[in-house]
Amino acid sequence: MHRPSAGATTAVTLTCLAAALCFGGAVTSAGLLLGVLPSALVVGLLSARLVARGRPLGALALGAGLGLALAEAANLLSGDTNGPTARSTAVATLMTALAVTSLSRGPALFLLPVAGLVSAAMVLGAAGEVGVPVLLAAALATWALASAHGERQQWTGPRTGRPAVTILTGIVVAAAAVSVLAQQVVRDEPPALQAVGQLDATIVPGTLFTLPQPRDDSPAAEGGPPPPSDRHVTEPQPGGSSRLLNFPHVYRPPTPRLPR
Amino acid sequence: VTRRAWGLLLGGAALLAFAWTVSWPELTGLGAATVVLVLTVRIVSGPRPTGTVHLPSSHLQVTRGEPACVRLSVQLRRRRAFLAVVEGDPAAPMSTARVPRARSAELPLDSTRRCVLSVGPYALVQSDPWGLVRRVVSSSGGGTLTVLPRVHPVRRELTATRTTGDSELASRRYGDQHFHALRDYVLGDEPRQVHWRSSARAGHLVVRQQVAAASVGLVVVLDVDQGAYALPGRFSTGHDEARFELAVEIAASVATARLGSLEQVLLLTSRRGDTPVLARGSSSAGVLRALAAVEAVPPVTAALEELVAAVRRASAAHLLFVSGDPSHRTATALQRLARLVPSTVVVRVGEPAAVAGLRGLQQVSVRTVEDLT
């Protein structure tokens, strides 16, 4: 069982925080800044301390338990007007604990929880809205993987490839940005919805989270009717179409009155 | 290309395909970043480099506490990216050093503990900072590292000077007999030792005083019983490693100093079945190498009484017993050794406690190495 150093766990925790910024498309800024990010940071730091002492299972249990407690607190504080803050907090804390704990098994395993964090944000309604946090997460993940792998090499002097890490991180981020923009241009389809009826059209991520939109040459942009919004809010069904809607603290949009 | 690279490539491609299908650009970015990272690293690594790495000396010796490193000669036809010299398995190296522009690479060695251990094997490896590409360019066999005990100057005379009583005792020993002097007959002397011609001249019985030829100048016996170096405290368990280390250094220092005066030195330890080491001339390498591998053993493994035969065969002039607080069993065996070698001195290392069985033996207390000077 490997005991990762403070540098590696810090890099992974920062990567998870960057990935957790993706929840900015699903919850309000207040929910993100007061619920998701602080919870992930606290769990990441505490898990890192336990993993450094050779107790990865304890770190995982702490992440799960503390994550649920913080999610419940976020649920009580955020109420119904900040989006799925409680679920976002629970997922962010659990994935952060998983990422830090996985460093004791293999240097590259933390990438799975990071991808899980971004996927969870997409599922909860942030799809197509938070490009910059993903680029940041990709850059930090590249740096964290180099840090975790270099630590296992047990270098006795200066390492090789330090400039390569910087240059290749830039290439990787550029490739990710190009692919994000290319998808918006080539495949001009709205993001698929996984949790129907849980989106709040009033929640919009900050401008720092969005990449510049590619130029739109469609006829609608030349004086035609306004283009449809990126946010595809599904009309909620009475009673909800997801099992999550039965959870008492989940945000429920007002039920429309059906015409007689 | 490592398994990690294949995993990242396949995982990234799957993520890319899934995200493209559901139109999630964020996951598309992550997948594309992963795939691009693996491909770029493979391209930057270039073709397989050629070169050799060689360990010039397979037997390395260093004194404990001194900085030490193993120097490997490296020859490269052409420099490539991400080249390094690793010790051990290239997948999980014990240490890694970059390949300098000079033709030799240095890997530091741990000389903080006295030991004999194997080092290496070494390999010239091309490995990127993410562990995605790993190529073993050349490999070299390992060697043996011997961390010798420190040797301090010994100015203090630790061995006892011989007295007339000692020589009288020596005349009754077995072994090679050599004439030493004539002395008056005392009750108990062998009648065969009476020198009749001198007795007639003196008017009373005179016997030949004989001594056994000392084939070995000094026998150094190191007590390796853990109980002799117990930690202070009534209920403490384990032994004081620093105190045992001091005992080893004292044995090494005394043996080296005696070899400097062209004596033969026999080194023995109280470990059961241990092989005696005899050093002669001015070279103390054999003794120091033997002491490099000495470890404190549990009391059940120590048997000083087994050394009686070896000490008798050695016919030594002096015996130096280095210990901390020897056990009662050890003290009893030491009394038997002292009858074989009258010039026996017990060197008590550290803070000595009272040991009843050592009564009658000459004892010297050495708390620190400064006491040797």
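Is Arg114(B) buried or exposed? Arg114(B) is buried, with a relative accessible area of 12%. Keep that residue in mind, since we'll come back to its partner below. One thing to know before going further: what you're looking at is a predicted model.

## Chain A at a glance

Let's start with chain A, which has seven helices and zero strands. Follow the sequence along and you get the pattern α-α-α-α-α-α-α. Chain A has 260 residues, and 49% of them count as buried. Its outside comes to about 12,700 Å² of exposed area, with 64% of that supplied by carbon and sulfur atoms.

How do the parts of this chain meet? Take the contacts in chain A with a separation of 6 or more: 81% of them are between residues 24 or more positions apart.

## Where the two chains meet

Now bring in chain B. The size of an interface is often given as the accessible area lost when the parts come together. Here, chain B and chain A bury about 3,500 Å² between them, and 69% of that is on carbon and sulfur atoms. On the chain B side, Trp24(B), Glu26(B) and Trp130(B) lose the most area to chain A, and together they make up 21% of what that side buries. Counted in residues, the contact takes 50 from chain A and 37 from chain B.

What about polar links across the interface? The rule finds eight residue pairs in polar contact between chain B and chain A, both residues being at pLDDT 80 or more. Salt bridges are another story: across this interface the count is zero.

## The chain B side of the contact

Which pieces of chain B supply at least two residues each to the side that touches chain A? Two helices do, α1 (3–22) and α2 (25–45), along with the strands β4 (83–89), β5 (92–98) and β6 (104–109). The largest share, 13 residues, comes from α2(B). Sorted by character, the residues on this side of chain B split into 24 nonpolar, nine polar and four charged.

## Salt bridges inside chain B

Over all chains, the count of salt bridges comes to 10. One of them brings us back to the opening residue: the side chains of Arg114(B) and Glu245(B) meet at 2.7 Å, N to O. This pair ties together distant parts of the chain, with Arg114(B) in the loop between β6 and β7 (115–119), Glu245(B) in helix α5 (residues 241–260), and 131 residues separating the two. Glu245(B) is buried too, with a relative accessible area of 13%. Both values fall under 20%, so both residues count as buried.

Helix α5 of chain B also takes part in a second bridge, this one between Arg150(B) and Glu249(B), whose closest N and O atoms are 3.2 Å apart. Again distant parts of the chain are linked: Arg150(B) lies in the loop between β10 (143–148) and α3 (164–170), 99 residues away from Glu249(B). The two ends differ in exposure: Arg150(B) counts as partly exposed at 35% relative accessibility, whereas Glu249(B) is buried at 3%.

These bridges belong to a bigger picture. Arg64(B), Arg114(B), Arg150(B), Glu245(B) and Glu249(B) are linked in a network of salt bridges.

Another bridge joins Arg192(B) and Glu190(B), with the closest N and O atoms 3.1 Å apart. Arg192(B) counts as exposed at 65% relative accessibility, and Glu190(B) is partly exposed at 40%.

## Two residues with a positive phi

Finally, a couple of backbone details to look for. In chain A, Gln154(A) has a positive phi of about 55° although it is not a glycine. You'll find Gln154(A) in the loop between α6 (131–153) and α7 (162–186), where it is partly exposed with a relative accessible area of 42%.

Chain B has a case as well: phi of Ser23(B) is near 60°, a positive value in a residue other than glycine. Ser23(B) is in the loop between α1 and α2 of chain B. Is Ser23(B) buried or exposed? At 4% relative accessibility, Ser23(B) counts as buried.

Methods:
Residues are numbered from 1 along each chain as its sequence is written. Chains are lettered from A and ligands numbered from 1 in the order in which they are written. This is a predicted model: local features need pLDDT of at least 70, side-chain atom pairs count only at pLDDT 80 or more; totals for chains, interfaces and linings use all residues. Side-chain values use heavy atoms; hydrogens and water are left out. Contact means heavy atoms within 4.5 Å. Buried area is the accessible area (1.4 Å probe) that two parts lose on being put together, summed over both. A salt bridge is a side-chain nitrogen of Lys or Arg within 4 Å of a carboxyl oxygen of Asp or Glu. A polar contact is a pair of N or O atoms within 3.5 Å; within protein, one must be able to donate a hydrogen and the other to accept it, and residues adjacent in sequence count only if both atoms are side-chain atoms. Helices (H or I, at least four residues) and strands (E, at least two) are DSSP runs, numbered from the N terminus. Ala, Val, Leu, Ile, Met, Phe, Trp, Tyr, Cys and Pro count as nonpolar, Asp, Glu, Lys and Arg as charged, and the others, Gly among them, as polar. Buried means under 20% relative accessible area, exposed over 50%, partly exposed in between (1.4 Å probe, protein chains only). Accessible areas come from the Shrake-Rupley method with a 1.4 Å probe; for residues, only the protein chains shown count as cover.
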